[in-house]
Amino acid sequence: MKKIIHIGAEKTATTTLQKGVFQGHPKIKYYGINGEYKEDNYNLNESVFVFSDETLTDPVKTKRGVYNILSDLHSFLPDSHILLTIRSQYTALGSFYCHTGVYHYKTFKGCLTKRDFTSFDYNKIIQEVLKFWDKSRVHILVFVELKTNLNKYSNKLSSILGIDRKSVV
C-alpha cells in the first residue's frame, strides 16, 4: 500500500483535494480533516493511505515546529511519500487575508505585521522535508495548474497517488 503525507500549505486547494478527491474515494484510505480511518472498509492491497492536514506547517496552529512534526511523521510512516501543494505566495497571502485575515487583523498591513507566515515559506518547508525523505519521494503540485490546466494537474495527482486519472477529476 502506498502511503502519502499531504502537506497542504494554506490556500493551495488543500480542502478541495480533501473533500473532492481523498474523502470518499474507493481506493483511498483517507485520514485527515473530515476523514475517517476505518481499516475494515478498505482492501489494504488495493488502497492508498493519505494523511492530509494543512496545519502541519502552520506555526500559529501548531507550536511544535516543522522539524519536529516531520520527524514524528517520518518515524510513523518511514516509507511514505510527501505531497506538497504550493502556490504563488503573493496570491496565497491575498487569499488568506480575504478569507481569514480580515476578521482577525482588520487591515492587510496589520495582517502582514502580526501574523507569522512561515507556512508560506515553501523553500524552507522543502528543505525540512528533504532532511527526512529522499527527493524521489517528494512530489509538488502547483495551484495555478489546477486553475489553468486541470488535465495536467489530474495526471500528476493520479500518478503520485497511483490511481486511475479518471477517478481523480
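## Exercises on a predicted fold

In strand S3, the residues Val48, Val50 and Ser52 point one way while Phe49 and Phe51 point the other way, and all of them are buried, where buried means under 20% relative accessible area, exposed means over 50%, and partly exposed lies in between (1.4 Å probe, protein chains only). The model is predicted, so that local features need pLDDT of at least 70 and side-chain atom pairs count only at pLDDT 80 or more, while totals for chains, interfaces and linings use all residues. Residues are numbered from 1 along each chain as its sequence is written, and side-chain values use heavy atoms, with hydrogens and water left out.

**Exercise 1. Describe the overall make-up of the chain.**

Step 1. Begin with the elements: the protein chain has 7 helices and 5 strands, where helices (H or I, at least four residues) and strands (E, at least two) are DSSP runs, numbered from the N terminus.

Step 2. Read the elements in order from the N terminus, which gives β-α-β-β-α-β-α-α-α-β-α-α.

Step 3. Turn to burial and contacts: 44% of the 169 residues count as buried, and among contacts with a separation of 6 or more, 63% are between residues 24 or more positions apart, a contact being heavy atoms within 4.5 Å.

**Exercise 2. Work out how the strands are arranged, and place S3 among them.**

Step 1. Write down the order of the open sheet, which is S2-S3-S1-S4-S5 with parallel pairing; two strands pair if DSSP finds at least two bridges between them. The edge strands, each pairing on one side only, are S2 (28-32) and S5 (138-142). From one strand to the next the twist averages 20°.

Step 2. Follow the pairing of S3 (residues 48-52) with S1 (residues 2-8), which is parallel and extends over 5 bridges. Lysine 2 stands opposite valine 48 of S3, and histidine 6 has serine 52 as its bridge partner in S3.

Step 3. Follow S3 to S2, to which it is joined by 5 bridges, the two strands running parallel. Here the bridge partner of glycine 32 is serine 52.

Step 4. Check how covered S3 is: 5 of its 5 residues are buried. The two directions of its side chains fit a general pattern, in that the side chains of a regular strand alternate between the two faces of the sheet.

**Exercise 3. Which elements does helix H7 touch, and at what angle does it pack with helix H1?**

Step 1. Helix H7 (residues 150-161) packs on the sheet and touches S1, S2, S3, S4 (81-86) and S5, its direction making about 160° with that of S5. Axes are lines fitted to C-alpha atoms, for helices over the stretch in contact, and angles run from 0 to 180 degrees between N-to-C directions.

Step 2. Helix H1 (residues 14-22) packs with H7 at an angle of about 70°, and their axes are 14 Å apart. H1 is therefore roughly perpendicular to H7, a label for angles of 65 to 115 degrees.

Step 3. Name the residues in this contact: Leu17, Val21 and Phe22 come from H1, and Tyr153, Leu157 and Leu161 come from H7.

**Exercise 4. Is phenylalanine 22 buried or exposed, and which residues does it contact?**

Step 1. Phenylalanine 22, in helix H1, counts as buried because its relative accessibility is 0%.

Step 2. Leaving aside neighbours within four places in sequence, its contacts are His6, Leu17, Ile28, Tyr30, Val50, Ser52, Leu83 and Leu161.

Step 3. Compare sequence with space: phenylalanine 22 and phenylalanine 51 are 29 residues apart in sequence, and their C-alpha atoms are 9.2 Å apart.

**Exercise 5. Classify two residues of helix H6, glutamate 145 and leucine 146.**

Step 1. Glutamate 145 lies in H6 (residues 143-148) and counts as buried because its relative accessibility is 14%.

Step 2. Its side chain makes a polar contact of 3.0 Å with the side chain of lysine 156; such a contact is a pair of N or O atoms within 3.5 Å, where within protein one must be able to donate a hydrogen and the other to accept it, and residues adjacent in sequence count only if both atoms are side-chain atoms. Not counting residues up to four places away in sequence, glutamate 145 touches Leu150, Lys152, Tyr153 and Lys156.

Step 3. Leucine 146 is partly exposed, because its relative accessible area is 22%. Apart from neighbours within four places in sequence, leucine 146 contacts Ala13 and Tyr153.

Methods. Angles under 35 degrees count as roughly parallel, over 145 as roughly antiparallel, 65 to 115 as roughly perpendicular and the rest as oblique.
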